[in-house]
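Hi,

Here is the structure I said I would hand over. Please have it open while you read; my notes follow below.

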Amino acid sequence: MKFNILQQDLLPALQAVSRSAGFHSTLPVLSNLLLSVSSHNLKISTTNLEIGVIKNLPADILEPGDITVPAKTITELVLSIGPVKLEFLSEGDTLNISAGKFKAKINGISATEFPVIPTSNQNPVNFKRKILEQIQQVLFAAAADEGRPTLTGILTQSASSKLDFVATDGFRLAHRQVSVGKEVHFKSLIPKRTFEEVLRVLTEEAVEEVSISTSKDQNQVIFQIGGTMISSRLIEGNFPAWEKIIPEDIKTRIIVEKENLLHAIKLASVFAKGEANIVTLNPLPSKLVVTSEAKEVGQQENEIESEVSGENFPIAFNVKFLTDILQSVSSTQVLIELSGALSASLIKPVGLEGLEYILMPVRTS
């Protein structure tokens, strides 16, 4: 294998691909990235056996071939060399790198030991990038606990011209629906970590559309984002029937300025200590009273001007969960719909269709 490439062209690709290397794996080859040179381009690949990333780059190809080398080593080396023309030559399992008077050798592992990354993309579905960027508004609600694997994924489904993203950890649920402008049939339970990588790649690739497809055996999802391909395992299992938990019997509606409520919640969090981290909302005529207390710290009370209709009763929430929701909303006002002190509540941005959050209250003694 032999090729030449400018350092400033290679470095961003190395840095982006290296994020998905399996640095903590017991398989040494997973800490490596695969350099594959064909007759027309350079391909850089990494995988941790859950997510695989492939990036294609133009290069001055002199001789095809492939080799794997430690991702951290080659990335740090190329970063330190600076903006010059780099020459690469593989000899067996050794990669030679030269730039002017500088020469280095990196010990690698045969490319035959590198896992195959699924790349089959039959029947791809294309989405505008701005549609996938909406996933940011629901990611935080997915579970971090691997003990319930289905809750660590984002349900991504479409059976018409609408695409739904749904995430839940059992205590809160986030749902974003966007119009795709055409009939689309797609359903997958995609890991949260995969979508996080997709969002990072979107910031690096100047593309307007993203292609999504599943592999033949339906256990892999493949994103094609410009010159970058992301392949990921899908999560097996049944996602909760989330439509059934959307509250319908609404007893109280509150419209409040988002920033005012967020500021009040942050103040309340100073006193919302302990395991539950509780903040209480008490809707009263024309105002919302926010309270919190901890025996070892003290207590606070804050009144916010609000539009309140319906019944008046206090309801308690986990302060972090409520903060996460408010920070994900871009509107100036939010609508809070309560169906009871111990029943699930709905939080929606005012003026933005297709985004809703369901939050379970906390039972207080």
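**Around Thr156 and Gln157**

Setting aside residues up to four places away in sequence, Thr156 touches Leu163, Asp164, Phe165, Phe186, Lys187, Ser188, Ile190 and Phe195. Please keep in mind that this is a predicted model. Thr156 is part of strand E11. Its relative accessible area is 2%, so Thr156 is buried. Glu305 is another matter: 149 residues along the chain from Thr156, with 38 Å between the two C-alpha atoms.

Gln157 also belongs to strand E11. Gln157 has 15% relative accessibility and therefore counts as buried. What is Gln157 in contact with, once neighbours within four places in sequence are left aside? The list is Lys162, Leu163, Asp164, Phe186, Lys187, Trp242 and Glu243.

Two of the residues touched by Thr156 come back in the ring analysis: Phe165 and Phe195. Together with Phe223, Phe165 and Phe195 form one aromatic cluster.

**Aromatic pairs**

The count is five aromatic pairs. Phe140 and Tyr357 make one of them, with a tilted geometry. Their ring centres are 5.7 Å apart, and the planes are at 35 degrees. Where do the two residues lie? Phe140 is in the loop between helix H3 (129–132) and strand E11 (153–158). Tyr357 is in strand E25 (residues 355–359). The parts are 217 residues apart in sequence, so the pair ties together distant positions in the chain. Both Phe140 and Tyr357 are buried.

Phe171 and Phe321 form another tilted pair. Here the centre-to-centre distance is 6.2 Å, again with a stated plane angle of 35 degrees. This pair also links distant parts of the chain, 150 residues apart. Phe171 sits in the loop between strand E12 (162–168) and strand E13 (172–179), while Phe321 sits in helix H6 (residues 319–328).

Are these two rings buried or exposed? Phe171 is exposed, because its relative accessibility is 52% and the cut-off for exposed is over 50%. Phe321 is buried, because its relative accessibility is 15% and the cut-off for buried is under 20%.

One ring has a charge over it. The charged end of Lys72 sits over the ring of Phe23, at 4.9 Å from the ring centre.

**Helix H6**

Phe321 leads on to its helix. H6 is mostly covered, with eight of its 10 residues buried. The buried ones are Val319, Phe321, Leu322, Thr323, Asp324, Ile325, Leu326 and Ser328. The N-terminal end of H6 is capped by Asn318. A side-chain oxygen of Asn318 lies 2.8 Å from the backbone nitrogen of Lys320.

**Salt bridges**

Side chains of opposite charge can pair when their charged atoms come close. How many salt bridges does a search of the whole structure find? It finds 14.

Start with Arg19. Arg19 forms a salt bridge with Glu197, with the closest N and O atoms 2.8 Å apart. Arg19 lies in the loop between helix H1 (7–18) and strand E2 (32–37), and Glu197 in helix H4 (residues 192–204). These parts are 178 residues apart in sequence, so the salt bridge ties them together. Arg19 is partly exposed, at a relative accessible area of 33%. Glu197 counts as buried, at 2% relative accessibility.

Glu204 forms a salt bridge with Arg19 too, and the closest N and O atoms are 2.8 Å apart. Glu204 is in helix H4 and Arg19 in the loop between H1 and E2, so this pair ties together parts 185 residues apart in sequence. Glu204 is partly exposed, with 38% relative accessibility.

Which residues are linked in a network of salt bridges? They are Arg19, Glu197, Arg200 and Glu204.

Elsewhere, Lys258 forms a salt bridge with Glu259, and the closest N and O atoms are 3.4 Å apart. Lys258 is buried, with a relative accessible area of 9%.

Best regards

How values were computed
Residues are numbered from 1 along each chain as its sequence is written. This is a predicted model: local features need pLDDT of at least 70, side-chain atom pairs count only at pLDDT 80 or more; totals for chains, interfaces and linings use all residues. Side-chain values use heavy atoms; hydrogens and water are left out. Rings of Phe, Tyr and Trp (its six-membered ring) pair if their centres lie within 6.5 Å; planes under 30 degrees apart count as stacked, over 60 as edge-to-face and the rest as tilted. Helices (H or I, at least four residues) and strands (E, at least two) are DSSP runs, numbered from the N terminus. Buried means under 20% relative accessible area, exposed over 50%, partly exposed in between (1.4 Å probe, protein chains only). A charge sits over a ring if NZ of Lys or CZ of Arg is within 6 Å of the ring centre and within 35 degrees of the ring normal. Contact means heavy atoms within 4.5 Å. A salt bridge is a side-chain nitrogen of Lys or Arg within 4 Å of a carboxyl oxygen of Asp or Glu. A polar contact is a pair of N or O atoms within 3.5 Å; within protein, one must be able to donate a hydrogen and the other to accept it, and residues adjacent in sequence count only if both atoms are side-chain atoms.
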